[in-house]
There are 2 protein chains.
Amino acid sequence: MNISAASKAAGLPVKTVRYYADIGLVQAPSRSDAGYRTYDDASVRKLVFIRRSREFGFTIEECREPLGLYQDQDRTSAEVKRIASKRLEEIEEKQRELQSLHDELAHLVTTCRGDHMPDCPIIDYLG
Amino acid sequence: MNISAASKAAGLPVKTVRYYADIGLVQAPSRSDAGYRTYDDASVRKLVFIRRSREFGFTIEECREPLGLYQDQDRTSAEVKRIASKRLEEIEEKQRELQSLHDELAHLVTTCRGDHMPDCPIIDYLG
DNA sequence: CCTAATCCCTCCAGTAACTAGAAGGTTAAG
DNA sequence: CTTAACCTTCTAGTTACTGGAGGGATTAGG
């Protein structure tokens, strides 16, 4: 798989895929004879994992920890479990926050009459 | 309310609160005699709205649109509704993505035995 | 009233994580 | 065999903060 196919599959720009290998977040991919980067499904799954983590506010450094664990032959199952559980709690907190952002906007949508008048009940709240 | 109280209430660093007024994302706050910025509850609610939007990957420019609407005296209710509905769909897509990230890590946690052995079923998937 | 701690201010420089563009080599379709 | 769509490296720019210097204002204790 060339870089553009991997980038499409992962949902990341080509430039970003290169960048992640440059900074050592993922392993440097192998190269074709012409020097083209070649990717496999496991690499793509890692990129998807990073993309989703990044989209929800985890930093690059915070992505390194779980990714490092997956690759570390000496880690114990207990260590993997501890770090993943901590991350899971952070994600659940994000889910609650996202839900309240959702509810706030849903309220705006349902209270607006959607007509041509400029008044809208939400203005009293946010204006 | 001084800037540090507003910053605590909004869940944003003081520097970031100043920055948002500097770039015109929120209105420049009024000042005390000594030149201190003073904030009210409506300003704090706007800052919370921005914080949550930013945490979930909306850019500063994408925050301007709904915030602008709230303040625009000439907008129609239909326009408010259209933009808020579009944003709501984006948020629902983010909720689905966050759920996938959650499930992926939850799988990691439940399949790990949590003992001192270094093997873990998730490695086959991501390693 | 004085002093120390804790605010607050502005300004400038630095960082994280990309992202755009130039210059040029490679591959696949017609 | 050309030409369009790939790919490469490199450097420089952007977004959204973030840290620190230097200095004024406010508050709590003695």
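**Exercise 1. Determine how helices H1(B) and H3(B) are oriented relative to each other in this predicted model.**

*Solution.* Begin with the geometry: the axes of H1(B), residues 3-10, and H3(B) come within 9 Å and cross at roughly 45°. Next, apply the cut-offs: angles under 35 degrees count as roughly parallel, and 65 to 115 as roughly perpendicular. The two helices are therefore oblique to each other. As to handedness, the crossing of H1(B) and H3(B) is right-handed.

**Exercise 2. State which residues bring H1(B) and H3(B) into contact, and sort them by class.**

*Solution.* From H1(B), the participants are Ala6(B), Ala9(B) and Ala10(B). Their partners in H3(B) are Val44(B), Leu47(B), Val48(B) and Arg51(B). Sorted by class, this contact holds six nonpolar residues, no polar residue and one charged residue.

**Exercise 3. Classify the packing of H1(B) against H2(B), and describe the residues that meet there.**

*Solution.* First, consider the angle and the distance: H1(B) and H2(B), residues 14-22, pack at about 100°, with axes 9 Å apart. Since 65 to 115 degrees is the range for roughly perpendicular, H1(B) is roughly perpendicular to H2(B). Then list the contact: Ile3(B), Ser4(B) and Ser7(B) of H1(B) meet Val14(B), Val17(B) and Arg18(B) of H2(B). By class, the contact comprises three nonpolar, two polar and one charged residues.

**Exercise 4. Analyse the packing between H5(A) and H3(B), which belong to two chains.**

*Solution.* Helix H5 of chain A covers residues 77-111, and helix H3 of chain B covers residues 41-55. Their axes lie 10 Å apart, at an angle of about 125°. Angles over 145 degrees would count as roughly antiparallel, and 65 to 115 as roughly perpendicular. H5(A) and H3(B) are therefore oblique to each other. Their crossing is left-handed. On the side of H5(A), the contact is made by Glu97(A), Ser100(A), Leu101(A), Glu104(A) and Leu105(A). On the side of H3(B), Phe49(B), Arg51(B), Arg52(B), Ser53(B) and Glu55(B) take part. The classes are three nonpolar, two polar and five charged residues.

Arg51(B) deserves a second look. This residue contributes to the contact of H3(B) with H1(B), and Arg51(B) also belongs to the contact of H3(B) with H5(A).

**Exercise 5. Describe how chain A is built.**

*Solution.* Count the elements: chain A has six helices and two strands. Their order from the N terminus is α-α-β-β-α-α-α-α. Now turn to burial: of its 127 residues, 43% count as buried. Finally, consider contacts between residues at least 6 apart in the sequence of chain A: 48% of these join residues at least 24 apart.

**Exercise 6. Locate Pro13(A) and decide whether this residue is buried, partly exposed or exposed.**

*Solution.* Pro13(A) sits in the loop between H1 (3-10) and H2 (14-22) of chain A. Its relative accessibility is 49%. Because exposed requires over 50% and buried under 20%, Pro13(A) counts as partly exposed. For its spatial relation to Ile3(A), compare sequence and space: the two residues are ten apart in sequence, and their C-alpha atoms are 9.6 Å apart.

**Exercise 7. State how many disulfides the structure holds, and give the burial of Cys63 in each chain.**

*Solution.* Over all chains, the number of disulfides is zero. Cys63(A) has a relative accessible area of 0% and is buried. Cys63(B) likewise is buried, with a value of 0%.

Definitions and conventions
Residues numbered from 1 in each chain as written. Chains lettered and ligands numbered in written order. Predicted model: local features only at pLDDT ≥ 70, side-chain atom pairs only at ≥ 80, totals over all residues. Heavy atoms only, no water. Axes fitted to C-alpha atoms, helices over the stretch in contact; angles between N-to-C directions. Helix = DSSP H or I, 4+ residues; strand = E, 2+ residues; numbered from the N terminus. Left-handed = near helix turned anticlockwise from the far one by under 90°. Contact = heavy atoms within 4.5 Å. Nonpolar A, V, L, I, M, F, W, Y, C, P; charged D, E, K, R; others polar. Disulfide = S-S within 2.5 Å. Buried < 20%, exposed > 50% of the residue type's maximum accessible area, 1.4 Å probe, protein only.
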